[in-house]
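User: I would like a close look at a single part of this model, with the terms spelled out as they come up and the surroundings of that part described afterwards.

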Amino acid sequence: MAGAESSVSLATSSLLATVKSELIAYFRHLAQRVERHILAIPEERLWDKPFPFGNSLGHLILHLTGNLNHYIGAGIAGTGYVRNRPLEFTDPNRYPREQLLQRFRETVDMVARTIEGMDESALLKPVQFPDRHPIATQFGLLVVCASHMNNHIGQMAWLVQALGGRTGEPPVW
């Protein structure tokens, strides 16, 4: 029986390592796509809203940075981050592109460190955000945060095209 327990433990360990490495790789992949979109237009157009509705690329990167810091930083890693979500879309400051990207990169690095430090019980821990049903676990919250980034990358692609830019990114799927 000890051999069976050992193989289950090895399989769980292998699955855990795979889940963590895949999540980290996907967050980094999404971050590269965000950067590609932010760099695809002239800096002076970063805060332009080409439509009477919606957001600028600058506000979208503020929003993604805030979202990750709130849900993963404060919610999972315990960073103490306090979010001001409305300001992510209305901040009147026109931060330089490199400052926005640096904050975003630091946030993605925090996400990767957080995931790397999680064990199976941390992934299965109930979320501390009761408004996020049907997500029940921190693993589910990580998946939702990655999906959220991907959603906004689609918006960024549309904005880049509307502003006359090109990412050079082929269709992903």
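Which residues does glutamine 138 touch, not counting residues up to four places away in sequence?

Analyst: The model is predicted, so local features are reported at pLDDT of at least 70 and side-chain atom pairs at pLDDT 80 or more, whereas totals for chains, interfaces and linings use all residues. Residues are numbered from 1 along each chain as its sequence is written, and side-chain values use heavy atoms, with hydrogens and water left out.

Once residues up to four places away in sequence are set aside, glutamine 138 touches Gly75, Ile76, Met118, Ala122, Leu123, Lys125, Pro126 and Val127, where contact means heavy atoms within 4.5 Å. Glutamine 138 belongs to helix α6, which spans residues 138-162; helices here are DSSP runs of H or I with at least four residues, strands are runs of E with at least two, and both are numbered from the N terminus. With a relative accessibility of 4%, glutamine 138 counts as buried, a class that means under 20% relative accessible area, while exposed means over 50% and partly exposed lies in between (1.4 Å probe, protein chains only). Between the C-alpha atoms of glutamine 138 and threonine 90, which are 48 residues apart along the chain, the separation is 29 Å.

Further along helix α6 lies glycine 154, which at 42% relative accessibility counts as partly exposed. Its C-alpha atom is separated by 9.7 Å from that of valine 34, although the two residues are 120 apart along the chain.

As for the setting of this helix, the secondary structure of the protein comes to six helices and zero strands, and the elements follow one another from the N terminus as α-α-α-α-α-α. The C-alpha trace spans about 65 × 35 × 25 Å along its principal axes, and 42% of the 173 residues count as buried. Among contacts between residues at least 6 apart in sequence, 74% join residues at least 24 apart.

Helix α2 can be followed through two of its residues. Threonine 65, in helix α2, counts as buried at 11% relative accessibility and, leaving aside neighbours within four places in sequence, is in contact with Arg103, Phe104 and Thr107. Tyrosine 71 also lies in helix α2 and counts as buried at 7% relative accessibility; from C-alpha to C-alpha, tyrosine 71 and arginine 33 are 21 Å apart in space, with their positions 38 residues apart in sequence.

Helix α2 also gives the most to the lining of the largest pocket, with four residues, and α2, α3 and α4 each supply at least two. That pocket holds about 190 Å³ of space, and of the 13 residues that line it, Leu62, Gly66, Tyr81, Asn84 and Glu88 are the closest to its centre. On a 1 Å grid over the protein atoms alone, a pocket is an open set of points with protein on both sides within 12 Å along at least five of seven lines, a cavity is a set of points where a 1.4 Å probe fits but cannot get out, and lining residues have an atom within 4 Å of a point. Grid points are joined across faces, edges and corners, and the volume is the space filled by probe spheres set on the points. The lining divides into five nonpolar, four polar and four charged residues, with Ala, Val, Leu, Ile, Met, Phe, Trp, Tyr, Cys and Pro counted as nonpolar, Asp, Glu, Lys and Arg as charged, and the others, Gly among them, as polar.

Turning to the aromatic rings, a search of the whole structure finds three aromatic pairs. Tryptophan 47 and tyrosine 95 form a tilted pair, at 6.4 Å centre to centre with 55 degrees between the planes. Rings of Phe, Tyr and Trp (its six-membered ring) pair if their centres lie within 6.5 Å, with planes under 30 degrees apart counted as stacked, over 60 as edge-to-face and the rest as tilted. Tryptophan 47 lies in the loop between α1 (2-38) and α2 (57-77), and tyrosine 95 in the loop between α3 (85-90) and α4 (97-116), so the pair ties together parts that are 48 residues apart in sequence. Both tryptophan 47 and tyrosine 95 are buried.

A stacked pair is formed by phenylalanine 51 and phenylalanine 53, at 5.4 Å centre to centre and 15 degrees between the planes. Phenylalanine 51 counts as partly exposed at 23% relative accessibility, whereas phenylalanine 53, at 58%, counts as exposed. Phe51, Phe53 and Trp158 form one aromatic cluster.

Finally, the charged end of arginine 103 sits over the ring of tyrosine 95, 4.5 Å from its centre; a charge sits over a ring if NZ of Lys or CZ of Arg is within 6 Å of the ring centre and within 35 degrees of the ring normal.
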